[in-house]
Amino acid sequence: MTRFAAAVLAVVLSGVLPGSTSAQAKRYPLQSVDNLRLHNVIAEPATFKGKQGLRITATPEAARQEVEPPMLAWIEGLDFSNGIIEAEVAGAPASGAFAGARGFVGIAFRLQMDNETASKETYDAFYLRPTNGRAEDQERRNHATQYISHPDWTWSRLRRETPSRYESYVDLVPDEWTKIRVEVRGDKARLYVHDQQQPVLIVNDVKTGPNGKGAVALWIGAGTVAHFRNLIVTPESDSASAK
């Protein structure tokens, strides 16, 4: 074997052997409810705009609550701390939804549940407000994306205490498949939309902290009919994220 061939082989192996910075991507087509745990939501396979995925809505009980409960469908057996989460999502207000409904749809990460009771949850999340993307009111447009951290850092608290820091504009259309990518490294996270090279929202103080970890979940807000497909999770080693 020549020195050149040996060098090429070493480079190839370095990307697949244990100790590489990123683990192998885990793919979830989301064409069934297998490996999903549901919390305050109904999930069912559906073909939407010609693509197969899952349709997710609030349970009747969750929809009736005065205080909006977390509405999640999380991947069983997936423990995520740092790395990349990608998915295609679509959201729109449900029929008869309240006036403030925006089609809230997104991804939660580092989800921790209170044992098996699912009565208390902590998580970070990025989500979209699809009806805000092309609103005629500029202030609504500026609220097209959102970062939150449940339960303490709600959107309303973040907007009140740190206006505009955890929200941003991006062009969105309700009920259209939209690619999103979430990158998480320590206490920093970025949201990318539409395969753009630059993030539309940057968070430099993720509330679960530099060592947070937990499940990855499909997330919806009140008054929403959402669709999800093609979830890809690429974990990153803790040592790599600390560099």
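This report describes the fold, the packing and the empty spaces of one protein chain.

The structure is a predicted model, in which local features need pLDDT of at least 70, side-chain atom pairs count only at pLDDT 80 or more, and totals for chains, interfaces and linings use all residues. Residues are numbered from 1 along each chain as its sequence is written, and side-chain values use heavy atoms, with hydrogens and water left out.

## Overall fold

The chain contains five helices and 15 strands. Helices (H or I, at least four residues) and strands (E, at least two) are DSSP runs, numbered from the N terminus. Of the 243 residues of the chain, 46% count as buried. Here buried means under 20% relative accessible area, exposed means over 50%, and partly exposed lies in between, for a 1.4 Å probe and protein chains only. A contact means heavy atoms within 4.5 Å. Among contacts between residues at least 6 apart in sequence, 68% join residues at least 24 apart.

## Nonpolar cores

In soluble globular proteins, nonpolar side chains tend to be buried together. A nonpolar core is a set of buried Ala, Val, Leu, Ile, Met, Phe, Trp, Tyr and Cys residues joined through side-chain atoms within 4.5 Å. The largest core of this chain has 45 residues, of which Phe228 and Leu231 touch the most other members. Strand E15 provides the largest share of this core, four residues. Apart from it lies another core, of 13 residues, among them Ala108, Met113, Tyr123 and Ala215.

## Selected residues

Five residues are set out below by element and accessibility.

| Residue | Element | Relative accessibility |
|---|---|---|
| Arginine 110 | strand E7 (residues 105-113) | 1%, buried |
| Tyrosine 123 | strand E8 (residues 121-128) | 2%, buried |
| Glutamate 183 | strand E11 (residues 178-185) | 14%, buried |
| Histidine 227 | strand E15 (residues 224-235) | 5%, buried |
| Asparagine 230 | strand E15 | 31%, partly exposed |

Leaving aside neighbours within four places in sequence, tyrosine 123 is in contact with residues including Pro70, Leu72, Arg110, His150 and Trp219. The side chain of tyrosine 123 also makes a polar contact with the side chain of tryptophan 219, at 3.2 Å. A polar contact is a pair of N or O atoms within 3.5 Å; within protein, one must be able to donate a hydrogen and the other to accept it, and residues adjacent in sequence count only if both atoms are side-chain atoms. Tyrosine 123 and aspartate 152 are 29 residues apart along the chain, and their C-alpha atoms are separated by 9.9 Å.

The side chain of glutamate 183 makes a polar contact with the side chain of arginine 185, at 3.3 Å. With neighbours within four places in sequence set aside, glutamate 183 is in contact with Gly83, Ile84, Lys188, Ala189, Arg190 and Tyr192. For histidine 227, residues up to four places away in sequence are again not counted, and those touched include Ala46, Phe48, Glu88 and Trp177.

## Backbone geometry

Most residues other than glycine have a negative phi, and most peptide bonds are trans. Arginine 110, although not a glycine, has a positive phi of about 55 degrees. Asparagine 230 is not a glycine either, and has a positive phi of about 55 degrees. A cis peptide bond joins histidine 150 and proline 151, with omega about 10 degrees. Proline 151 is placed in the loop between E9 and H4.

## Empty space

Rolling a probe the size of a water molecule over the atoms shows where empty space is left. On a 1 Å grid over the protein atoms alone, a cavity is a set of points where a 1.4 Å probe fits but cannot get out, and a pocket is an open set with protein on both sides within 12 Å along at least five of seven lines; lining residues have an atom within 4 Å of a point. Grid points are joined across faces, edges and corners, and a volume is the space filled by probe spheres set on the points.

The largest pocket holds about 510 Å³ of space. Of the 26 residues that line this pocket, the closest to its centre are Glu68, Phe104, Tyr127, Trp155 and Trp219. Helix H4 gives the most to the lining of the largest pocket, with three residues.

The count comes to one cavity of 30 Å³ or more. The largest cavity has a volume of about 50 Å³, and strand E6 (residues 83-93) gives the most to its lining, with three residues.
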